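Reader: I have a model open and a list of terms to check. Can you take me through them?

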Amino acid sequence: MIALSHVFGNDLALFAGGLQTVSGSELTRQGLLRRLLTVAGNYVWQPDYGVGLPLMVGQVIAPEAMESVIRAQVQEDANVDSSEAVTVTVTDEGLGICRCDVSYVDAGSGQQQSLSFSY
């Protein structure tokens, strides 16, 4: 599958006079970021879609609770192999910053993938 490349919070990217496209594991990575940063209830037809990590900014960090909700949403993604374990680690880096490390198996390639970001 090919889709327009769109990293959550950024504009669409131009490439060679047109819009940049993405496929494979990069498509999965962009989709997971979108899922994790989207606030649940913002998609009318999928009210359970999204974690809403931006809403957690400024709150007391509860790594176990955050890991649980992130893991559940990653396993729901169609591009993630749901028969394989998803591991999530949330680390408090101080000054109100959390680091999130996610490990999953890409359904299309069957390869182990990782996604890391801070918020």
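**Helices, sheet and salt bridges**

Author: Helix α2 lies across β5 and β6, and runs at about 145° to β5. The model is predicted: local features need pLDDT of at least 70, side-chain atom pairs count only at pLDDT 80 or more, and totals for chains, interfaces and linings use all residues. Residues are numbered from 1 along each chain as its sequence is written, and side-chain values use heavy atoms, with hydrogens and water left out.

Reader: What makes a run of residues a helix or a strand here?

Author: DSSP runs decide: H or I over at least four residues is a helix, and E over at least two is a strand, numbered from the N terminus.

Reader: Why is α1 called oblique to α2?

Author: The axes of α1 (residues 24-37) and α2 (residues 63-76) come within 10 Å and cross at roughly 135°. Angles under 35 degrees count as roughly parallel, over 145 as roughly antiparallel, 65 to 115 as roughly perpendicular, and the rest as oblique. That makes α1 oblique to α2. Axes are lines fitted to C-alpha atoms, for helices over the stretch in contact, and angles run from 0 to 180 degrees between N-to-C directions.

Reader: Which residues of α1 and α2 meet?

Author: L32, R35 and L36 in α1 meet I70, Q73, V74 and E76 in α2. Contact means heavy atoms within 4.5 Å.

Reader: How do you know which strands pair in the sheet?

Author: Two strands pair if DSSP finds at least two bridges between them. Strands β5 and β6 have six bridges, in the antiparallel sense. Strand β6 (residues 98-105) is joined to β7 by seven, again antiparallel. Both pairs therefore meet the rule of at least two bridges. The result is an open sheet of three strands in the order β5-β6-β7.

Reader: What makes β5 and β7 edge strands?

Author: Each has a single partner strand, so one side of β5 (87-92) and one side of β7 (112-118) are left without a neighbour in the sheet. The twist averages 10° from one strand to the next.

Reader: Which residues stand opposite each other across the strands?

Author: T89 stands opposite D101 in β6. R99 has S118 in β7 as its bridge partner.

Reader: What links β5 to β6?

Author: A hairpin, with five residues between the strands. G94 in the turn has a positive phi of about 85°.

Reader: Why is the pair R29 and E26 called a salt bridge?

Author: The term needs a side-chain nitrogen of Lys or Arg within 4 Å of a carboxyl oxygen of Asp or Glu. For R29 and E26, the closest N and O atoms are 2.8 Å apart. The pair therefore qualifies. By this rule the count comes to three salt bridges.
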